Amino acid sequence: LAERLQSSIKKMKGKGKVNEQDVKEMMREVRLALLEADVNFKVVKKFVANVKERAVGQDVMDSLTPGQQVIKVVNEELTSLMGGEQSKLNTASKPPTVVMMVGLQGAGKTTTTGKLANHLRKQHNRKPLLVAADIYRPAAIQQLETLGKQLDMPVFSLGDQVSPVEIAKKAVEKAKEEHLDYVLIDTAGRLHVDEDLMNELTQIKNEVKPDEILLVVDAMTGQDAVNVAENFNEQLDLTGVVLTKLDGDTRGGAAISVKAVTDTPIKFAGMGEKIDQLEPFHPERMASRILGMGDMLSLIEKAQTNVDEEKAKELERKMRTNDLTFDDFLEQLAQVKEMGPLDEIMNMMPGAGKMKGLKNIQVDDKQLAHIEAIVKSMTKYERENPSVINASRKKRISKGSGRSIQEVNRLLKQFDEMKKMMKQMSGMQKGKGKQKGGF
Ligand code: GDP
Ligand code: MG
């Protein structure tokens, strides 16, 4: 066991640089994950090339393993691909700020207009005017008026007999008169991009000179969202994108592609149908989300722990039957250590955040050596049957290992916690129908 421990630590330490093989293996997984998340394949290709170039030959930070280091680069590159920083709404130097909402039918323009108005008032104490400029879709005006009532905000409408250009122009005049801060123009959409639509939108744009043209796209449409964004951007020169329906089970690949292809920042994300379910878009969080969903952990595992399948299975069995021994414990600690702080790892796993007591299990080199000393001072029988360790045995173990009784107690407690946690985890993994090797 000691040898095994030594060699695994040595292996980890010996890797001062990230080598090409590490990166290659990791990137195969990352590429698949991105394609699965519906990221445009050209974007994926370029992305993978970027990461490779950045990651290979990098010095491995002390706190990370090569696998984690690559993930870190992936995360950073993803974040920068999505614009890096959170991108704010443009504002006019002199109010009102005019925002034009554009997009295909059903993308969520009207809903987002209401949400944005709510956000501007709530977060920034601003007074918006909602403008009903979709005169084609039956009940479109009414939908916005209902939202206005719900929010107790003014809605500007001239019915469906006046041209949208005229409506937009009059609305801006009215906002000026009434000293409102924002004019949010809800425009018409079509099922597909077409010339009539673009002409109308261009006319509105030329008339009111908006400070912000926000394209509303449905994240669930994946690759299509990218084509739509490209089209709208060519015609209108967008200033921002709102990605809606990110609350669905979409993995957000559209977020990456849209920004990469149009070079237009995503400013907001729609997270549900309710009026308050609009959030400023944070590239970093999105990157974690795309990498996340449990895959992060499996990536790290695949890349750098050599959990042998047989062993993992044996451990699973032990967890379930609850006869985990201290020898297993020690071995697991060594693996956990290789992956990083346990609570951090757990945070990457969906649903795992709920587990308690994890903060108490942290492993660094020194602690690991102490733990090892304590475990080694146990008899074989004690290691396999920790419940027999009573006060006198504790005293003996403490003497033998040169560690205090308190430390022995703490270890016994941690062991119990780990046992409990593993039971929970094995339940979770069974529930997902997925089996993972590991601690
Ligand atoms: P428009 O045709 O572009 O104006 O689209 P609507 O605003 O009428 O929205 C179309 C549908 O999408 C409605 O049923 C909305 O409730 C729904 N919707 C809009 N945004 C979101 C979102 O972020 N999440 C979810 N789940 N549904 C949304
Ligand atoms: Mg609408």
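Among the contacts in this chain between residues at least 6 apart in sequence, 77% join residues at least 24 apart, where two residues count as being in contact if their C-beta atoms, placed from the backbone, lie within 7 Å. What we are looking at is a predicted model, so to speak of local features we need a pLDDT of at least 70, side-chain atom pairs count only at pLDDT 80 or more, and totals for chains, interfaces and linings use all residues. Residues are numbered from 1 along each chain as its sequence is written, while chains are lettered from A and ligands numbered from 1 in the order in which they are written.

Let me turn to confidence. The chain averages a pLDDT of 79, and 74% of the residues score at least 70, pLDDT being the predictor's confidence in each residue, from 0 to 100. Over residues 1-14 the pLDDT is below 50, and beyond near neighbours in sequence this stretch has nine contacts in the model. Residues 342-360 also stay under 50, and for them the model has 28 contacts beyond four places in sequence. The scores for the model are ipTM 0.99 and pTM 0.66.

Next, the overall make-up. The chain has 19 helices and eight strands; these are DSSP runs numbered from the N terminus, with helices being H or I of at least four residues and strands being E of at least two. Of the 439 residues in the chain, 40% are buried; a residue is called buried if 20 or more other C-beta atoms lie within 10 Å of its own, exposed if 12 or fewer, and partly exposed in between, with C-beta atoms placed from the backbone.

Now to the interior. The largest nonpolar core has 83 residues, and those with the most contacts inside it are Val131, Val183, Leu184, Ile185, Val217 and Leu243; such a core is a set of buried Ala, Val, Leu, Ile, Met, Phe, Trp, Tyr and Cys residues joined through C-beta atoms within 7 Å. Domain 1 (16-81) and domain 2 (97-280) both give residues to this core, so it lies between them, the domain bounds coming from an automatic or database domain assignment. Apart from that core lies another, of 13 residues, among them Phe326, Leu330, Ile374 and Leu411. Leaving aside residues up to four places away in sequence, Ile185 touches Val99, Met100, Met101, Val131, Ala133, Ala168, Ala171 and Ile204.

What surrounds ligand 1? There are 17 residues around ligand 1, of which Gly108, Lys109, Thr110, Thr111 and Gly270 come nearest, a residue being near if its C-beta atom, placed from the backbone, lies within 6 Å of the molecule. Helix 5 (residues 109-124) gives the most to this shell, with three residues. The shell divides into three nonpolar, ten polar and four charged residues, where Ala, Val, Leu, Ile, Met, Phe, Trp, Tyr, Cys and Pro count as nonpolar, Asp, Glu, Lys and Arg as charged, and the others, Gly among them, as polar.

Finally, some backbone details. The peptide bond from Pro95 to Pro96 is cis, with omega near 5°, and Pro96 lies in the loop between helix 4 (66-81) and strand 1 (97-102). Asp152, although not a glycine, has a positive phi of about 55°; Asp152 sits in the loop between helix 6 (140-151) and strand 3 (155-156), and is exposed, with 7 other C-beta atoms within 10 Å.
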